[in-house]
Amino acid sequence: MPAPTSAPGENLKIDGARLWDSLMEMAKIGPGIAGGNNRQTLTDADAEGRALFKRWCDEAGLTTGVDKMGTMFARREGEDPTALPVYVGSHLDTQPTGGKYDGVLGVLGGLEIIRTMNDLGIKTKHPIVVTNWTNEEGTRFAPAMLASGVFAGEHELDWAYDRKDAEGKTFGEELKRIGWVGEEAVGGREMHAFFEYHIEQGPILEAEGKDIGVVTHGQGLWWLQVTLTGKDAHTGSTPMHMRVNAGLGMARITEAVHRIAMDHQPAAVGAIGQANVYPNSRNVIPGKAVFTIDFRSPDLEKLTSMRRELEEEAALIAGELGLGIEIEPVGHFDPVTFDENCVAAVRGAAERLGYSHMDIVSGAGHDACWINRLYPTAMVMCPCVDGLSHNEAEEISQEWARKGADVLFHAVVETAEIVE
């Protein structure tokens with residue numbers, strides 16, 4: 001067999017126009033109401049997006065496998081049948097009011113690597129597998145990064161299948177309904193390395209004028225679902241001192257979350273993003289409130305402290321107001337340090353291509369965070385306008401998309417080892 005060579009030359013780049021066209025074509029599936037996308041996991045739109053991706057993979061000569069969580073793995077063979085594959089990818093599902101790039105850029109950027117290799121006749125020692133992880137967003141079925149979490153052994157398959165959406169539909173039922181339950185056992189694949197390409201979802205790269213974010217670490221996260229139980233009562237005829245107001249408890253805990261995060265500055269954030277009161281009537285004092293707290297930090301000690309302080313303070317608030325309280329963790333991962341060699345491959349690619357770059361910590365969770373527990377992993381990021389994400393107004397430039405995909409191409413192909 002011919003010997004593997006070093007990294008691809010700086011003149012080798014992906015087809016930026018083709019990548020952009022693919023992004024725009026995928027964005028037609030599950031359109032939002034304000035220019036973005038609503039392609040939530042395991043919906044009919046998700047099924048349609050998967051089918052389009054599968055067709056593109058078939059056209060690129062890839063062989064696609066699907067596991068029991070519905071995750072798609074599209075493989076380009078390598079020259080050495082015994083070599084472990086290099087995986088690359090992200091997710092196609094979106095938020096209810098999501099943008100056209102979050103996650104999708106990483107999947108279609110991976111596909112563009114394969115298309116470019118086909119165009120240029122590039123062969124590699126290791127196979128390359130483009131991956132679409134199921135339910136990264138976690139909006140419809142909590143927690144986020146569900147399929148990659150099962151892959152990494154953090155969740156049991158049956159537990160994942162039992163996750164319910166707001167309408168009481170389970171993950172397992174909906175995966176079967178849209179026809180994407182695979183036969184392959186989850187977590188049975190070994191990886192030589194994994195790379196994920198993503199928009200930053202923050203303002204740092206744009207503010208610093210950098211083309212590329214070399215992701216060295218990822219923030220840890222706690223999602224805590226709080227249920228407060230009071231008493232439904234008429235807003236007009238119930239004296240103030242006789243109320244057991246779950247909505248008031250939620251308001252006070254909301255302020256506590258903000259204060260606790262501020263007390264742990266720098267490098268700590270916290271907010272309540274999902275909240276519901278019941279019966280949600282304009283003239284009924286809420287007898288129940290259910291909401292989710294999101295704490296994040298790259299510092300494990302701070303992350304642990306914020307959760308502890310919140311649980312203590314929330315219990316005191318509930319006691320003062322006469323409310324019942326339950327706090328259930330519904331999402332968690334510790335801070336992540338990505339693989340030194342994979343990070344060096346990303347940084348080296350940016351330098352070889354002459355693209356401005358900086359080291360960055362991911363503020364959001366990604367499938368790469370779970371896979372990093374098992375196999376060498378790194379991430380590439382490109383800027384997004386005003387740092388806006390999880391919003392239909394999310395925007396990137398075609399040049400940003402191309403440069404990030406160029407870096408991804410070089411890092412993946414170098415790791416997979418070109419064979420001449």
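This passage describes selected features of a predicted model, beginning with the annotated positions.

The UniProt annotation "binding site", taken from an unreviewed entry, covers H91, D102 and H198. These residues are spread over 108 residues of sequence, yet they cluster in space, with a largest C-alpha distance of 9.7 Å. D102 is found in the loop between β3 (86–90) and α3. With a relative accessible area of 5%, D102 counts as buried, because the term applies under 20%. When neighbours within four places in sequence are left aside, the contacts of D102 include the other two annotated residues, H91 and H198. D102 is also in contact with D93, E137, I199, Q201, S389, H390 and E394.

H198 is found in strand β6, which covers residues 193–199. The relative accessible area of H198 is 0%, and this residue is therefore buried. Leaving aside its neighbours within four places in sequence, H198 is in contact with H91 and D102, and also with S90 and G103. Its contacts further along the chain numbering include H366, M379, V380, M381 and C382.

Helix α3 comprises the 17 residues 104–120. At 1.5 Å a residue, α3 should span 24 Å, and the C-alpha atoms at its ends are 24 Å apart, so the expected and modelled values agree. Of the 17 residues of α3, 14 are buried, which means that the helix is largely enclosed by the rest of the structure. Just after α3, G121 takes a positive phi of about 65°.

A search of the whole structure for cavities of 30 Å³ or more finds 1. The largest cavity holds about 40 Å³ of space. Its lining is formed by Q40, T41, D93, T94, N135, E137, G138, T139 and R140. By residue class, this lining divides into 6 polar and 3 charged residues, with no nonpolar residue. Two of the lining residues, D93 and E137, also appear among the contacts of D102. The cavity lining and the surroundings of this annotated position thus have residues in common.

Elsewhere in the model, G247 lies in helix α8, which covers residues 246–263. G247 has a relative accessible area of 18% and is therefore buried, as this value is under 20%. The C-alpha atom of G247 is separated by 7.3 Å from that of K288, although the two residues are 41 residues apart along the chain.

Methods: Residues numbered from 1 in each chain as written. Predicted model: local features only at pLDDT ≥ 70, side-chain atom pairs only at ≥ 80, totals over all residues. Heavy atoms only, no water. Helix = DSSP H or I, 4+ residues; strand = E, 2+ residues; numbered from the N terminus. Expected span 1.5 Å × (residues − 1). Buried < 20%, exposed > 50% of the residue type's maximum accessible area, 1.4 Å probe, protein only. 1 Å grid on protein atoms, 1.4 Å probe; cavity = no way out; pocket = protein on both sides within 12 Å on 5 of 7 lines; lining within 4 Å. Points joined across faces, edges and corners; volume = space filled by probe spheres on them. UniProt positions renumbered as here; feature names shortened; annotations may be inferred. Contact = heavy atoms within 4.5 Å.
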